Structures are given as C-alpha cells and as structure tokens.
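Let's take a look at the salt bridges in this protein chain. Have the structure open as you read, and try to find each pair for yourself.

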Amino acid sequence: MVKRNYRPLISVKALQKTMGRYYAITNNHRYWGKPLRRPLAWVTSGAPVELLRAFKIHSAYPEQYAAIYSARKATVGLCEIAEAAGYSQDLCSYARSNIGGVLRPDLAPLGGMPKPDLLVACNNICGTVLKWYEALARHFNVPLLVLDTPFLTAELTQQAKDYVLEQLYAMVTDLEKITGRRLDAKALAKQMHLSAEITSLWKETRQYCQANPSPLNAPDLFIHMAPIVVLRGSQVGIDYYRKLVAEVKERVELGQGAVENERIRLVWDNIAIWPQLFTFYKMFADKGACFVSDTYSGGWAFEQVSGDPMERLAATYTEVFLNRSPDFRANQLINLIRDYKADGFVMHSNRSCKPYSLVQEVIRRKVMNETGVPGLVIEADMADPRAYAEEPIRNRVQAFLETFD
C-alpha cells in the first residue's frame, strides 16, 4: 500500500457510509417492487438530475461507476471486452469500461450496474455521450432522452437559453409519459433549493483551501466530490457536506495542512488519474507540493441563478465549464491561481477526454503569460492504465518540481 504524505480526513468514514447507501439503493433497484418501485435512469454527469428527482426517478452515473472500476483495477479487462466487441481503443475509457461491464457484468466491481428503465444524456460535457448512450439504448431497448446544449463561445444568450428551455419542457412531457406522473412544480422547486444548498457547501469546502497551508489536497477533492455528482438535490448529500465543511474549517483554524510541510501550491486541470490516484500525487506530496484547487471538482461548484426552476435548469446546465470557450477556461484557471495563491499548475492531457484536453496548450500559454507561473502537461488517461507511462511521467514531475527549489 502506498504511504500517503498527508493527513487523512475523518469524514472518509461518513463518505463511505453515504456512498455505500447510494450504491446499495442503486444496485438493489430491481428488488424495490411495485407499487413503490421508482424508475432507474442512467444519466450523464451533466444531466438535469433535479428534474428527474422531481419525477421520483433514481439516477445512476456510468461515469461514476467507471471511476470505481478504474480505482479497483478492473478497467483494462472491461475495456478489452468492449474492444473485442468492436469499440475502438480511441474511444473514451469511461464509455468502453461501462460497455464492457454491460456485456460482462460478472467482471465488473459491484456486479456492474443494474438495468436502466431509461437513459438521459446531455452533451454539455462531451459529444461521445450521445453515441455511447445510443448504443446503450439499443442494447437495453429503453427510452433515451437527450438534452442538446449549444456551445458557448461567449456568455449565455437568451436565444441559447430559450433553445434549451424548450427541450426541457419537451423532456417533461416525455417523463410524464414514462412515469405516468405529472410534474410537481413544488417538488422541482424543492429539488433546486436542495441542489443550491449542496453546491454552496461544496463551494465553501473548496474555498477553505485558500488557507495556507491548504486543508485539502487533490486526492481529497477528487474522492469527496462523489456526493456532489450523484446526490445533487438530496438531503443526504447536504448532511454529508455539512460534516465535511466542519472538519475542513477546523483544520484551517488549527493551521493543519493536508500535506506535511507544504511549500509549493499547485492547481490541477482535468479529470483525476484514477488508477494512479495516490501514487501519482504522492510524487508531489513527498516534495511538499499540494494541489490546493482544480478545475475538475470545481465543475460542480457552479453558481445557480435565481428565478423560475426550469429557466434555472436551462442556464445552469448550458453554462457547464466544458461547454465554454478556451478563453473562459483560461480565465477560470488564472483566477484559481490568483485566488489560491498557487505557484504553478499541472494539466492532465487526458487521452480519453478530448473536449477537456485538446485546447489545453492554448490555455497553458495564456495562463503562463498572464500569471507568470510555470505549467506542466502530463499525458495519461483518466481510467485506462495502459496509457500511463510511469518512468517518463516521474522524470517530468521531478524536473518540474526542481524549478521551485
């Protein structure tokens, strides 16, 4: 086991209990039984889950399960199943491992995912989800609902908002037919309120990392973001983050840093390298380098606008950071470096996630010019360990950290 050069959080136990309950509910969905049975939807991480909750639909996230598959070293076997079935190795490793788990659930951790009653995809995170979910819809022979969000080259326009809003109303009609229920406007408003509260708590958690030393490091942020992804709009998620906020706040008050002898503050860009979550970041922690913020977990710390719940959904899910221009993302990274007083940044050129990675060099140059801090690019994959070259990466990290000596 890799020794971690940073303080573990007591809240990990509460996290395990919270997420364990979520997976138990999800994986035992088939035993709920009528008339209490609620439909199960497989959804993308950028789907309007609050709307589904208002219809009493339970959501499961293939991306979340894929991260677990990777952390438990099952990704390669599952990807090979999908590749043998004709899916290219160039496709997203989340998609390949999910499809592999569908074809061979006996090889998937947690026994794979339970069969969905419907699928909901939103292309605000990437375009791959559309074909991925089409393949799943054909396999399971279940309805597929798609929310198309226009790419924002600048700020959200009224035209773009109206376009998404019209689709959301159409989705309501579809969900009413699927569930046999009418949309409860009060239930949706409650879900939006709960979602705003859990988002506020996650944002507060991250902001405490502006303290020196930082109370959290990258692995903490990546592990503890799980509830904000799968439990948005839930009281269970809120209860968990209240505990986490209290612990992180106490660390700040006591001057306790996540990394021992923190001397270098960094910002991370892109999805975590799940199969190397601790071994990769240990290279930094051993040299006193702490990742005090990141763009990935910050994707769920978005500001929710006020007003009509449906209009809020349209704005919130269209303005997801991966649906924005390189200039927007560069400015986001610049602000993180300044707000968190970072000494540098590291970008994960993620083989699987093209929307996140393809424009990184443009962003890197702008951020370095604007802030004067160095930026390192690491080539790997979020889930597939076959794309991780240990020795070259270690050499690049060591050379980068030496620039701070």
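## A link between distant parts

In this predicted model, glutamate 83 and arginine 386 form a salt bridge, and their closest N and O atoms are 2.8 Å apart. Now, where do these two sit in the chain? Glutamate 83 belongs to helix α4 (residues 75-84), while arginine 386 is in the loop between β8 (375-380) and α17 (390-402). That puts them 303 residues apart, so the pair links distant parts of the chain.

How open is arginine 386 to its surroundings? With a relative accessible area of 34%, arginine 386 is partly exposed.

## Two partners for glutamate 361

Next stop: helix α16, which covers residues 360-371. Here the side chain of glutamate 361 meets that of arginine 364 in a salt bridge, at 3.1 Å from N to O. Why do these two line up along the helix? They are three residues apart in α16, so about one helical turn separates them. Glutamate 361 itself is partly exposed, at 33% relative accessibility.

Glutamate 361 also has a salt bridge with arginine 365, with 3.7 Å between N and O. This pair is four residues apart in helix α16, which again means a separation of about one helical turn. Arginine 365 counts as partly exposed too, because its relative accessibility is 45%.

## A shared network, and the total

Some salt bridges share partners, and in this way Glu83, Arg96, Asp384 and Arg386 are joined into one network.

So how many salt bridges are there altogether? The count comes to 21.

Key: Residues are numbered from 1 along each chain as its sequence is written. This is a predicted model: local features need pLDDT of at least 70, side-chain atom pairs count only at pLDDT 80 or more; totals for chains, interfaces and linings use all residues. Side-chain values use heavy atoms; hydrogens and water are left out. A salt bridge is a side-chain nitrogen of Lys or Arg within 4 Å of a carboxyl oxygen of Asp or Glu. Buried means under 20% relative accessible area, exposed over 50%, partly exposed in between (1.4 Å probe, protein chains only).
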